[in-house]
Amino acid sequence: MSQPRTSDYPIDAQFIERWSPRALANDPIDDETLLSFFEAARWSPSAYNIQPWRFAYSKHGSASWDSYLDFLIEFNRGWAQHASALVVVISKTTSLNGDKEVANPSHAFDAGAAWANLALQAHLKGWLTHCMGGVHHDKIKAALNLPDNYVVHGMVAIGKAGDKSQLPEFLQQKEIPSGRLPLEQTVVEGLNFTL
């Protein structure tokens, strides 16, 4: 890693070492490896154990690959075309309460936990992930025939490290692990909450 990150409190190195590069090498990814990332996501915490997350994926070179590339805005398509796999992150916005379908207010929160587990498992196995919000939500919903009670959150590019020279120059300069806000800007105790 070219720019070391440091934590203010002791944590496992995987949390600091994981980052989201754009330079990917489109190495083939086998099903067992890729499915192990989804397996890690499967064990994510979930309110009432509803597990509202859903994932749809395409591997580089598969029949659906071009469709998945079309799900991305042009900027993301430019670099994500070199990924080994592309994953759509979806969640179901409702759940059953007895026999009645009701809103699930924690669907996005739980899907975020699942995506985080996927990213950490990929990192542990030497793969890189980059989550993207720049996607065509309506195009994805239509192509995947998602009902109204399903929402698209974004997509994840998965791959091995590639040569950053394949990126436009302005992205090459950004191809380093980013920092994070200090804890005092994101965590408060008691009722002293400020934005």
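What span should the 18 residues of helix α5 have, and how far apart are its end C-alpha atoms? At 1.5 Å a residue, helix α5 (residues 107-124) should span 26 Å. Its end C-alpha atoms are 26 Å apart, so the two values agree. The model is predicted, and every value here is computed from it.

Stay with α5 for a moment. Its buried residues are H107, D110, A111, A114, W115, L118, A119, L120, Q121, A122 and H123. Several elements help to cover them. Among these are the helices α1 (13-17) and α2, together with the strands β1, β2, β5 and β6. Just after α5, the backbone changes character at G126, which takes a positive phi of about 85°.

Now turn to the sheet. It is open and has 4 strands, in the order β1-β2-β6-β5, with antiparallel pairing. The edge strands are β1 (53-59) and β5, each of which pairs on one side only. On average, neighbouring strands are turned by 25° against each other, direction ignored.

Walk across the sheet from β1. Strands β1 and β2 pair in the antiparallel sense over 7 bridges. K59 has A85 of β2 as its bridge partner. A85 also stands opposite I158 in β6. The pairing of β2 with β6 is antiparallel and runs over 8 bridges. At the next step, 5 bridges join β5 to β6, again antiparallel. There, L128 has G159 of β6 as its bridge partner.

A helix lies against this arrangement. Helix α2 (residues 31-42) lies across β1, β2 and β6. It runs at about 165° to β1.

How many of the 10 residues of β6 are buried? The count is 8, so β6 is largely enclosed by the rest of the structure. Two of its residues make a useful pair to look at.

Take G159 to begin with. G159 lies in strand β6. Its relative accessibility is 0%, so G159 counts as buried. Leaving aside neighbours within four places in sequence, G159 is in contact with L24, S84, W127 and L128. The C-alpha atoms of G159 and A23 are separated by 8.9 Å, although the two residues are 136 residues apart along the chain.

Next comes V151, which also lies in β6. V151 is partly exposed because its relative accessible area is 28%, and buried means under 20%. Not counting residues up to four places away in sequence, V151 touches V89, I90, S91, T93 and H107. H107 is one of the buried residues of α5. The C-alpha atoms of V151 and G112, 39 residues apart along the chain, are separated by 13 Å.

The nonpolar interior comes next. In soluble globular proteins, nonpolar side chains tend to be buried together. In this model, the largest nonpolar core has 25 residues. Those with the most contacts inside it are L72, W79, L86, V88, M132, M155 and A157. Helices and strands both contribute: α3 (65-70), α4 (74-80), β2 (85-92), β5 (128-132) and β6 (150-159) each give two or more residues. The largest share, 4 residues, comes from β6.

L86 shows how this core is knitted together. Beyond four places in sequence, L86 touches A56, Y57, S58, W65, Y68, L69, L72, A80, M132, M155, V156 and A157. A second, separate core has 18 residues, including I29, L34, V87 and A111. A111 is also among the buried residues of α5.

Is N76, in helix α4, buried or exposed? Its relative accessible area is 7%, so N76 is buried. Leaving aside neighbours within four places in sequence, N76 is in contact with M132 and G134. M132 is one of the residues with the most contacts inside the largest core.

Finally, consider the annotation. An unreviewed UniProt entry lists residues 17-56 and 80-160 for "domain: Nitroreductase". In the model, the end C-alpha atoms of residues 17-56 lie 26 Å apart. That span is 32% helix and 10% strand. For residues 80-160, the end C-alpha atoms lie 12 Å apart. This span is 32% helix and 38% strand.

Terms used. Residues are numbered from 1 along each chain as its sequence is written. This is a predicted model: local features need pLDDT of at least 70, side-chain atom pairs count only at pLDDT 80 or more; totals for chains, interfaces and linings use all residues. Side-chain values use heavy atoms; hydrogens and water are left out. A nonpolar core is a set of buried Ala, Val, Leu, Ile, Met, Phe, Trp, Tyr and Cys residues joined through side-chain atoms within 4.5 Å. Buried means under 20% relative accessible area, exposed over 50%, partly exposed in between (1.4 Å probe, protein chains only). Contact means heavy atoms within 4.5 Å. Two strands pair if DSSP finds at least two bridges between them. Axes are lines fitted to C-alpha atoms, for helices over the stretch in contact, and angles run from 0 to 180 degrees between N-to-C directions. UniProt positions are given in the numbering used here, feature names are shortened, and annotations may be inferred rather than shown by experiment. The expected span of a helix is 1.5 Å times one less than its number of residues.
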